[in-house]
Protein chains: 2
Amino acid sequence: MTAYNAPTRDMRFVMNELGLLSAIQQLPGCEDTSAELVDAVLEEAGKLAGGVLAPINASGDTQGATLENGVVRTAEGFADAYRQFVDGGWNSMPFDPEYGGQGLPWLIGIAAEEMWISANNAWSLCPMLTMGAVDLLSEHGTPEQKSTYLEKLISGEWTGTMNLTEPHAGSDVGALRTRAVPEGDHYRIKGQKTFISWGEHDMTDNIVHLVLARTPDAPPGSKGISLFVVPKFLINEDGSLGQRNDLRCVSLEHKLGIKASPTCVMSFGDDEGAIGYLVGEENKGLACMFTMMNNARINVGLSGLSIAERAYQQAVEYARDRVQGAGPDGTPLPIIRYPDVRRMLLTMKSSIEAMRALVYDTATSLDQSRRADDPEARQAAQARVDLLTPVVKAWCTDLGVEIASMGIQVHGGIGYIEETGAVQHLRDSRIAPIYEGTNGIQAQDLVARKVLRDGGDAAKRYIAEVRTLCGALGECSGDTASSLRTQLAAGCDALAETTDWLLVEGSADMARALAGATPYLRLFGTVAGGAMMARATLAAQASLDAETGDPAFYNAKLASARFYAENILPQAAGLIAPVCQGHRAVLEFAEDSF
Amino acid sequence: MTAYNAPTRDMRFVMNELGLLSAIQQLPGCEDTSAELVDAVLEEAGKLAGGVLAPINASGDTQGATLENGVVRTAEGFADAYRQFVDGGWNSMPFDPEYGGQGLPWLIGIAAEEMWISANNAWSLCPMLTMGAVDLLSEHGTPEQKSTYLEKLISGEWTGTMNLTEPHAGSDVGALRTRAVPEGDHYRIKGQKTFISWGEHDMTDNIVHLVLARTPDAPPGSKGISLFVVPKFLINEDGSLGQRNDLRCVSLEHKLGIKASPTCVMSFGDDEGAIGYLVGEENKGLACMFTMMNNARINVGLSGLSIAERAYQQAVEYARDRVQGAGPDGTPLPIIRYPDVRRMLLTMKSSIEAMRALVYDTATSLDQSRRADDPEARQAAQARVDLLTPVVKAWCTDLGVEIASMGIQVHGGIGYIEETGAVQHLRDSRIAPIYEGTNGIQAQDLVARKVLRDGGDAAKRYIAEVRTLCGALGECSGDTASSLRTQLAAGCDALAETTDWLLVEGSADMARALAGATPYLRLFGTVAGGAMMARATLAAQASLDAETGDPAFYNAKLASARFYAENILPQAAGLIAPVCQGHRAVLEFAEDSF
């Protein structure tokens, strides 16, 4: 198994040199978020990720999580790693200081989270789910619920879960049937939930389940769903743990990957009914759930980037070591010298850099949407986050799978052998395009809710942003800027053309618009990645021109941007026809002929 | 687990209606290869594939092959299925009647083989490897070797293997170290080989290993390699099995997929040295091996198509059954009605149809190259096969992985669970871009040997062939022909532009040419698939215009071709820049900066 070295140099470049940190520093409460603080956080997080989490990634995959008599045992080292994580205060970074959080911006949190996922994707899901529970309770919990749960969830002493899916209700959450019957100050919950990540485990004393269910008189469909907090152990008035609630893990799924993450079938209320407490209003459960979806989707998008980074590191290490053939002078050639291997590594590297910049930039907008003084600035930032969230989720997770697969290819035959570890990344990566809303759902969300609903306002503002970058590239010296300008402008034209088409045709016939949603999202992501490469090029070229910093790093950044410009961006124009014409065959094909 | 239904309707369309069978019927010895014969073969093969091989595909994956005390046990039902296969005469279809073969054209063999692979990829590798051994011995064996081995290999009573790879010698076969020391009429072989598919098993009494090794005075590198036939049991003069040869399976690899196919580490000559017999001349072993590589590579390309077909069938079945949400009138909607799901299924379907037609067409050229009366016709057919072989191998196997992955996506969350069976297809498919020459090697072969070596002759002839099809589409009625003509012409322009660039720049600097080899191959495959869709469109439209046959089938074929035209072909132009410009960043990127 290969090591994981946190890519702190590129993380610092993105945060410090693309203007993200300076944008954060202008937000109230974030004035002291200095580059030094960021450095310190990255360095310490890198130690935990590389030294503690990464070494148990492969063994966790081999051992998996096991269920015996309702008790889920995690793989060796997982509970200990979690204790170190909690003791180091890592869980509390982005949360409200009122409940023990450190109040750091999301941007910093997401950089640390990238490391947890790269180091150990299966393990990292546990704190990621807790984060969702904290977000939900912070936003919608009663003062009493907040004081009961938030401190323990924020510290990481307890973990949280999201209980949405039922066997017949996957993407169609509104079809769920779990029942919640009022009884005094609480409800009795009965029903079965599937695909509950970290629904049961041995890493903490308590687990706080957030459960969607229907009250007896609820209207049908998605308008009749309420949200409940259902702890594994009830909480006594003094905050100590009380009786075991009526809920249990009845089986674990046998999955392709993330095997160390227990994916539970949870049964609520086999006996008297599990005790749950309403969060927010009755029948408003789905709306509550949506408040944490943006974050959760960005987190899952991040996982595409993170696993790609891990696969890339392993592929580079192998390509340096593996010798095949010899050069003209007879010296043995490591395969990293072969053009096709270099192409694969650059495809991985430049995509990762584009994704990282895009995810971090979106996290910065999220911080702005929450903290900016000016309501208009908050609103504009929120609209940008809303627009980019499905792109981050789907584009990055699709690339995550493609890059993990490419990592296997770099290895050749040995890559197909489990012990090499390259295939674990592919297996682990393959869930991310599915959960937290399939990538098809993301594309639908992008087209229907994010582009069409506001008449294209947010999309057009984003396109203008990219055009401004093209203009700036025109003022910038160097071959990369020139080549990138040409390709980014072409990509931007393609994005504008397809967006206009959607605004006209989509308003006329939503089925047509949705038939092209997936290629539209891919086109959007490709251009958005190119826009971030433009910002990277401007920053790197400026540093080179000013002769500051490390020229090797900046030259590599330019070469990576150039690779992206000349190899990845040109695919954008090829997606115009799939969006604007592809719908005909999609919609007209006779169902019986499949 | 889902069933497998052999897609005989599309197979017959490709063979009968795209002119392949009529081309075969013009070859000496093939005059009687009638459509009725083809129908009978397809029907019976479909029964064996669907009824015997497919039902043990998932259980084979779960059980895998096991090694104990040098004995490899195959999964339940595998040996019995193999017996039925041999008893049915299926192994002998394409081989020389002099040794018991049926002398059927490759085209028919490949259609049956598609079914074996779709039904059970792991199992199908065993006869596929035997086929390679038959080809090698038929071409290069002495009369005595032929009479000793061919009949048993052709009937399938014995199986064959290919022993090339050693741990340090993968793509660089020339680096191998296994030694062969002459001793009377034979050699003593000593060395270790890895990744030997079906190197040991319990399905037959004997296994015939074809082994590459070095004689004591051989020159270094690839010019010092000789080929040997090394049977597991030596053969007595009367043809009965004699003593056990000094070779054994010392371990099995733990792989991502094709788990029921034993991938062996083979040790030759741990004791006195394994007895082997020289095939062909000393030091000409690699050249011998290349004679069977075209076939083997087409077979592996076929496996990309085959596994995609299986994944598609499973995805369609699920999409018809799975209900999520309801239509405007409240009727529950199977997900096959959602535009994005339809897009996924059409991406799978149209790619599969393009691949099938391309593979079968290439097999037809292979038959022509072997059987045509006219030497010029043979040569032209051989040049076409040589050109298309790397395209078939790499393009189809890359698509196989992409389509298997898409099959998971259609399933949503349940797709990630092993018991559903969708992930087995992804796991199984992932080896095909690696073995029989990685797809990077295929791209290098395409550019350096197939396009540049003859100054672009074969490539230009192929491009002219595509242009002729564009012309024919212009004469054809209907929207599909019109749309496909536009997109195919654009794809063909892209292929011509990049080919010309390679001929100029590649001659000047091979590293540049090789840096763009992978996108060039993808572009080539995309256009070649489009060309086959053009032939399908012409045939389907003609049948519709003439009001013959089943209009539903032909309309579906047109819709599928239109989908390919408007969604897949437009990607071709996006690959011009990666070929013609992408090399700069690839070659200039500083190695230390990876």
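**Salt bridges.** I began with the charged pairs in this predicted model, and across the interface of chain A and chain B I found 4 salt bridges. I looked up one of them in detail: A:Arg337 pairs with B:Glu591, and their closest N and O atoms lie 2.7 Å apart.

**Polar contacts.** I then turned to the hydrogen-bonding atoms, and the list for the interface of chain A and chain B came to 46 residue pairs in polar contact, with both residues at pLDDT 80 or more. When I asked which element gives the most to the side of chain A that touches chain B, I arrived at helix H18, residues 551-568, with 8 residues. I sorted the residues on that side of chain A by type and noted 39 nonpolar, 25 polar and 21 charged.

**Extent of the contact.** I recorded 85 residues from chain A and 85 residues from chain B in the contact. The area buried between the two chains is about 7000 Å², and carbon and sulfur atoms give 56% of that area. I noted that A:Arg342, A:Tyr416 and A:Phe594 together supply 13% of what chain A buries against chain B, which is more than any other three residues.

**Symmetry.** I laid chain A on chain B and obtained an RMSD of 0.0 Å, with a turn of 180° and a shift of 0.0 Å along the axis; I entered this as the relation of a two-fold axis. In chain A, the C-alpha nearest the axis belongs to A:Gly574, at 2.9 Å from it. Finally, I compared the two sides and found that 100% of the interface residues of chain A are also interface residues in chain B, so the copies meet through the same surface.

Note on methods. Residues are numbered from 1 along each chain as its sequence is written. Chains are lettered from A and ligands numbered from 1 in the order in which they are written. This is a predicted model: local features need pLDDT of at least 70, side-chain atom pairs count only at pLDDT 80 or more; totals for chains, interfaces and linings use all residues. Side-chain values use heavy atoms; hydrogens and water are left out. Copies are superposed by least squares on the C-alpha atoms of residues with pLDDT of at least 70 in both. Contact means heavy atoms within 4.5 Å. Buried area is the accessible area (1.4 Å probe) that two parts lose on being put together, summed over both. A salt bridge is a side-chain nitrogen of Lys or Arg within 4 Å of a carboxyl oxygen of Asp or Glu. A polar contact is a pair of N or O atoms within 3.5 Å; within protein, one must be able to donate a hydrogen and the other to accept it, and residues adjacent in sequence count only if both atoms are side-chain atoms. Helices (H or I, at least four residues) and strands (E, at least two) are DSSP runs, numbered from the N terminus. Ala, Val, Leu, Ile, Met, Phe, Trp, Tyr, Cys and Pro count as nonpolar, Asp, Glu, Lys and Arg as charged, and the others, Gly among them, as polar.
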